[in-house]
Amino acid sequence: MLDLADAIVRVRERIASAALRAGRDPAKVRLIAVTKTLPVEVMVKAHQLGLCDLGENRVEEALDKIPNFKSQISNSAPGSMPGFHMIGHLQSRKVRDAVALFDMVHSVDSLKLAQKLSQACTEAGRVMPVLLECNVSGEASKYGFQALAERDFFAQVEAMAALPGIHVEGLMTMAPIVSDPQQTRPVFAALRQLGERLGRLGTASMRQLSMGMTDDFEIAIEEGATMVRIGRALFAAP
Ligand SMILES: *Cc1c(COP(=O)(O)O)cnc(C)c1O
């Protein structure tokens with residue numbers, strides 16, 4: 001518990017320093033604590049220590065953990081539910097479960113998935129904030145729109161922005177794994193520029209940039225991240 005409390009303080013300090021280096025307001029960077037693979041007890045501790053946005057990357061795992069978490073929290077601290085963020089690849093057949101579990105989806109990676117989400121959210125009578133996952137590094141192993149290569153990406157964004165039941169709020173990316181985190185900078189800068197271009201066209205609100213993980217979040221913040229998704233820096237044994 002103490003270790004986690006310390007880790008949270010350290011991560012928040014690093015977030016604040018990176019924001020200040022870039023002349024940004026640290027309060028404009030939201031910390032998404034990634035609790036994938038961790039037991040529910042750790043999620044509860046994280047929540048007790050003030051982490052109010054939790055990220056999971058698999059619906060299957062979240063189906064098990066989130067309801068369990070909620071039943072524990074509603075007894076001890078009703079009315080203080082964290083936001084749950086789906087950050088991993090979402091399969092079409094899991095969309096309905098995802099809509100029931102999550103408050104935001106960071107990983108919309110195709111028009112078809114957006115349409116499925118739109119339909120499920122409309123049926124559930126809710127509006128889901130979503131981010132469009134973009135593969136800006138061109139790595140073949142990654143999910144996401146080939147946003148810089150697909151000529152019709154802007155038209156697809158326009159189509160997604162018009163769908164009922166979802167609200168496109170910005171972009172998400174994962175940087176490649178590199179030995180020197182500085183090498184991720186062009187990827188984050190490219191995502192920011194893409195968001196700026198889309199924002200200028202006015203087709204979708206592009207307020208959010210979800211980018212940066214344990215190894216590269218400070219660089220992502222310097223390049224404009226409004227959400228960082230952090231697992232190991234918070235939860236891994238030092
Ligand atoms: C696991 C994961 C993270 C967090 O990674 P760390 O390196 O542990 O900080 C962020 N985003 C996604 C999509 C992930 O799957």
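# Exercises on a predicted model

Let us begin with a loop: Gly138 sits between β5 (128-133) and α6 (153-161). The model is a predicted one, so keep that in mind as you work through the exercises.

## Exercise 1: A glycine in a loop

Task: Decide whether Gly138 is buried, partly exposed or exposed, and find how far Gly138 is from Ala237 in space.

Solution:

Step 1. Place the residue. Gly138 belongs to the loop that runs between β5 and α6.

Step 2. Look at its accessibility. The relative value for Gly138 is 49%, and exposed would require over 50%. Gly138 is therefore partly exposed.

Step 3. Compare sequence and space. Gly138 and Ala237 are separated by 99 residues in sequence, and their C-alpha atoms are 32 Å apart.

## Exercise 2: Cysteines and disulfides

Task: Work out how many disulfides there are, and which cysteine sulfur is nearest to that of Cys121.

Solution:

Step 1. Recall the cut-off: two cysteine sulfur atoms must lie within 2.5 Å of each other.

Step 2. Apply the cut-off. The count comes to 0 disulfides.

Step 3. Check one case. For Cys121, the nearest cysteine sulfur belongs to Cys134 and is 19 Å away, and Cys121 is in no disulfide.

Step 4. Add the surroundings. Cys121 is buried, with a relative accessibility of 0%, whereas Cys52 is partly exposed at 47%.

## Exercise 3: Salt bridges around Lys65

Task: Find which residues form salt bridges with Lys65, and say whether Lys65 is buried or exposed.

Solution:

Step 1. Start with the general idea. Side chains of opposite charge can pair when their charged atoms come close.

Step 2. Find the partners. Lys65 meets Glu56 in a salt bridge with an N to O distance of 3.0 Å. A salt bridge also joins Lys65 to Glu61, at 2.7 Å from N to O.

Step 3. Look at the helix. Glu61 and Lys65 are 4 residues apart in helix α3 (residues 59-76), so about one helical turn separates them.

Step 4. Check accessibility. Lys65 is buried, at 5%. Glu56 is buried too, at 0%, and Glu61 is buried at 14%.

Step 5. Widen the view. The structure holds 16 salt bridges in total. Another of them links Lys142 and Glu139, whose closest N and O atoms are 2.7 Å apart. Glu139 is partly exposed, with 25% relative accessibility.

## Exercise 4: Glu223 and its network

Task: Locate Glu223, and find which residues are linked with Glu223 in a network of salt bridges.

Solution:

Step 1. Locate the residue. Glu223 is in the loop between α8 (217-222) and β8 (227-230). Its relative accessibility is 11%, so Glu223 counts as buried.

Step 2. List the contacts. Leaving out residues up to four places away in sequence, Glu223 touches Arg185, Phe188, Ala189, Arg192 and Met211.

Step 3. Focus on one pair. The side chains of Glu223 and Arg192 are joined by a polar contact of 2.7 Å.

Step 4. Follow the network. Salt bridges link Glu223 with Arg21, Arg185, Arg192, Glu196 and Glu222 in a network.

## Exercise 5: The loop residue Ala175

Task: Say which residues Ala175 touches, and whether Ala175 is buried or exposed.

Solution:

Step 1. Locate the residue. Ala175 lies in the loop between β6 (166-172) and α7 (185-201).

Step 2. Read the accessibility. At 10%, Ala175 counts as buried.

Step 3. Name the contacts. Not counting residues up to four places away in sequence, Ala175 touches Lys142, Thr184, Val187, Phe188 and Asp216.

Step 4. Compare with Leu90. Ala175 and Leu90 are 85 residues apart in sequence, with 19 Å between their C-alpha atoms.

## Exercise 6: Around the ligand

Task: Find which residues surround the ligand, and how much of its area the protein buries.

Solution:

Step 1. Name some neighbours. The residues around the ligand include Val34, Asn57, Ile87, Met174, Met213 and Gly231.

Step 2. Look for polar side chains. An oxygen atom of the ligand lies 2.5 Å from a side-chain N or O atom of Thr214. For Lys36, the distance from a side-chain N or O atom to a ligand oxygen is 2.8 Å. A polar side-chain atom of Arg232 is 2.8 Å from an oxygen atom of the ligand.

Step 3. Consider the cover. Taken alone, the ligand exposes 390 Å², and the protein buries 92% of that.

Conventions
Residues are numbered from 1 along each chain as its sequence is written. This is a predicted model: local features need pLDDT of at least 70, side-chain atom pairs count only at pLDDT 80 or more; totals for chains, interfaces and linings use all residues. Side-chain values use heavy atoms; hydrogens and water are left out. Buried means under 20% relative accessible area, exposed over 50%, partly exposed in between (1.4 Å probe, protein chains only). Helices (H or I, at least four residues) and strands (E, at least two) are DSSP runs, numbered from the N terminus. A polar contact is a pair of N or O atoms within 3.5 Å; within protein, one must be able to donate a hydrogen and the other to accept it, and residues adjacent in sequence count only if both atoms are side-chain atoms. Contact means heavy atoms within 4.5 Å. A residue is near a molecule or strand if one of its heavy atoms lies within 4 Å of it. Accessible areas come from the Shrake-Rupley method with a 1.4 Å probe; for residues, only the protein chains shown count as cover. A salt bridge is a side-chain nitrogen of Lys or Arg within 4 Å of a carboxyl oxygen of Asp or Glu.
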